[in-house]
Amino acid sequence: MTVESAKNKAGPFNVTGTSGTFPRDFLLLDEDHLRVIRVRDGEETDLTSGIGHTGIGTADGTVVISTGIQSGDQIYLLRAVPNLQRSDYNAQGRVRTEQVESDLDLTIMQIQDLREAQGRALTLPVSSEIGGEEAMAAALAAPEYAAQAREAAEDAQAAAASVPPTFASRMSAAAIVQQFPDGREISIEGIRYIVDSAATGMNSAMWDMGVDGVRCPDLPDNSFLFLSFDQDISGGKVRLLVGQTTKEMHHLNTLPLEFGNGVAMGGLSPSITFKDGVWYFINAAYVVGTRDFAVFRSRDLITWDRTFCNFGPDPITDANTPLPGGSSPPDFFWGAEGFFDTDGTLYVFASVRYGADFTDAFGNTVKHFRTYMSRCNDLNALTFDEPVAIDPDGDTQSLIDPHIVRGEDGRYCLSLKDEDTKRIRIYFGSSINGPWAFSNEVSDPNFKIEGQSIVPRRYLSGGSVSIAYDMLVDAHNDINGVRSVLPLRYTATDLAGPWSAGEMVLSSMPVRHGTLVNLSMMDPAAHASVRAAMAAYGGAPVAFNKTAVQLTTGPNTIYPQEGGVYYVTGIGNAADVTIKEGPADSFWLGCFSTTQGTGINVLNAFAVTSPFSLGFGSGSDRMVLMKRRQYADGYYPVGYDGRARFQATKGGTPQTIPDNTVTKVTFGTETRDHGGFYNSGTSEWTPPAGWYELSAALLCSGLSDSGNTIILRKNGVLLAQSSHVSRSGSNSTLAVTVDAYANGSDVFDIAVQLGSGGTVTGAGSNTWFKGKPA
């Protein structure tokens, strides 16, 4: 017989009664060589009675147990050959081969049984310097050590629980704050919050973000409502936004506000105020000579009515006759702003076209405005007194976008936008009627700002509550085109300043200027109506951009966060961005500038399908959505091809070419340059790595009977050329096109060789150099 399997163990077998038959699938020569082991409640017991066997001498048998077991037990069958050798071989005796083979089989089985037992034993490495007894003692002591370790871990956990988790913003905390148990303290922007599942709705310190269960005992109550119009300047759909800070706003209404039979409430530069349970939404809605503005009224922010009003007994707008002292007809009415004085009287401020159009500090032709004020003499009929011209401390420049707020010291603060410099000028008066004295000016180094709204805000100072002021503005780079608009916030502890640097306001949708109010400092009925509107509107609140990072000039590496915005702005800020694999499935890249020196170059990195550029004055100043690829690593821009491309001309300047000499052609005027890779000073293009189609055309004049060649060069070496034989006195167009690979540092330019000399004309329609992705 042979031993053809190393197996010596079977089981576990689950017992279902008081007896059972269990299979054995390993070789057994003697029933005394088998241990039948019962496991009950973790304790092992050898069964020695009530055991029967079949298949002894084979590897296919059974064990029948008739007693000593019950349902829930487990049975193991383990071969255990005694470590004995009972055969006696004499020197002169006869040896039977069957006996020798049986003894050898038993020896092999003994070895196998020892190996199985050793497999369950503690084995030390060969290099161990401790003995088995010492090692076993350590193993036996391990549970005690483990208990001590658990106790230490619990102590550490308790200590960690006493240190509040820290979050850089309310946005980062909102995603996980509900995972903490009640009573847990957390720190957000250095302010203490407490998890409390009983704080629901507007009782939660994160109600504006749609998050229940958070209290903020140390933060004074601030609840803001912002009436704004969206980026669609053609219609200016009106939105309501809410927030507990002016830095993070969520829109309340998914659809535009409506009145009557579902008519959308449009309006540019809307204003909102509240009095005696009624909201007043005011905006310019003029028809020259017929009406000037509209007032919408509502008690619940849901059902509205509309009244068209005149800015005085009669419309102030007129297509023909200038206002007293003016030189242009008042055919443009802008920025109607409502304000209730302490006696309950409604005043409306507005800017009306007044003087001659002029060229502002940025070279744009703009209208000249003057600001007027009119008192409402009947709040039910919404009729108004003759408007009075505002004298802002003798300033006669064009001033628009009036906004008024009453400070804690009782003074009235009137802010106006200087239409020339695109800055905000602030004036103080002792009453709603003035007189107005200039106080300070707010400007931004990177943006033109307008559409300001100033709101008071409570804050803690030295353990007591004080009042600060937040100013929200529109910030953009192209007043006429109204592009690259984003809201900025400035803060000050005094209306007289100084004001902080502007910081980006995060909102759930693109917004433009309107009016901001602090509900916590108004009639409680105002707060209650917002609470009701939140429950009624289907769009409130929603998730919004959770990260806003302004990229720096030069190299930037980002690990994109879900919904984040990574942007550049200002003048001369070119960011080279490497995008790594991050947690985001989608995020945004933005260029809020129309200047040629500002933009984003997305480099060819692991997580980007191909390099591309955004901005650089190429008409691609915008927000671009980046999404994760579905079946591969990396992100791609949705609906946007910003890969490097350019077009340049001679800008009308001709170039004289000497006889039969290879001469570089200059193209000093860029008409397009995605990524800023074209150098107009050297007339060379150095795109990122990739394949490109390059082409050029030259209209040459003053030629003789000669051969003429246009040459497209790569690193100064001929890449492609095209030749043409001209006739004396004729003009000739030379053109060349080629697909070429660029390694990221390769330089492309154009040269020409005219056999008898001549002139390359400067007209951009005939002479140009361009490149685009192949």
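**Entry 1: a four-stranded sheet**

I count two strands as paired if DSSP finds at least two bridges between them, and I keep that rule in mind throughout this predicted model. I began with β20, where I looked up the residue that F296 faces, and found that its bridge partner there is R306. Strand β19, residues 291–298, runs antiparallel to β20, and 5 bridges join the two.

I then followed the pairing outward and found an open sheet of 4 strands, in the order β17-β18-β19-β20, with antiparallel pairing. Its edge strands are β17 and β20 (305–309), each of which pairs on one side only. From one strand to the next, I note a twist that averages 25 degrees. As a reminder to myself, strands of a sheet pair through backbone hydrogen bonds, and they may do so either parallel or antiparallel.

**Entry 2: the largest pocket**

My next search was for pockets, and the largest has a volume of about 750 Å³. It is lined by 28 residues, of which T273, F339, F340, M521 and M522 are the closest to its centre.

Which strands each supply at least two residues of this lining? I found β17 (271–275), β21 (333–340), β28 (399–406), β32 (448–461) and β37 (511–518), and I recognise β17 as an edge strand of the sheet in my previous entry. Sorting the lining residues by character, I get 13 nonpolar, 8 polar and 7 charged.

**Entry 3: strand β47 and its partners**

I turned to strand β47, residues 645–649, and asked how many of its 5 residues are buried. The number is 4, so the strand is largely enclosed by the rest of the structure.

On tracing its pairing, I found that β47 is joined to strand β50 (residues 669–674) by 5 bridges, the two running antiparallel, and that R645 stands opposite H674 in β50. β47 also pairs with strand β59 (residues 768–773), again in the antiparallel sense, over 4 bridges; here T649 stands opposite W768.

**Entry 4: aromatic pairs**

I searched the whole structure for aromatic pairs and obtained 21. The one I examined in detail is F646 with F769, whose ring centres are 5.0 Å apart and whose planes stand at 85 degrees, so I record the pair as edge-to-face, the cut-off for which is over 60 degrees. Because F646 lies in strand β47 and F769 in strand β59, the pair ties together parts that are 123 residues apart in sequence. Both F646 and F769 are buried.

I also noted W685 and Y692, an edge-to-face pair with 5.1 Å from centre to centre and 80 degrees between the planes, and these two residues are likewise buried. When I followed the ring pairs further, I found that they link F646, F667, Y678, W685, Y692 and F769 into a cluster.

**Entry 5: V662**

Last, I looked up where V662 is placed, and I found it in the loop between β48 (655–657) and β49 (663–664). Is V662 buried, partly exposed or exposed? Its relative accessible area is 44%, and since partly exposed covers values between 20% and 50%, I enter V662 as partly exposed.

I also checked V662 against I710, and recorded that they are 48 residues apart in sequence and 9.2 Å apart in space, C-alpha to C-alpha.

Key. Residues numbered from 1 in each chain as written. Predicted model: local features only at pLDDT ≥ 70, side-chain atom pairs only at ≥ 80, totals over all residues. Heavy atoms only, no water. 1 Å grid on protein atoms, 1.4 Å probe; cavity = no way out; pocket = protein on both sides within 12 Å on 5 of 7 lines; lining within 4 Å. Points joined across faces, edges and corners; volume = space filled by probe spheres on them. Nonpolar A, V, L, I, M, F, W, Y, C, P; charged D, E, K, R; others polar. Axes fitted to C-alpha atoms, helices over the stretch in contact; angles between N-to-C directions. Buried < 20%, exposed > 50% of the residue type's maximum accessible area, 1.4 Å probe, protein only. Phe/Tyr/Trp six-rings, centres within 6.5 Å; stacked < 30°, edge-to-face > 60°.
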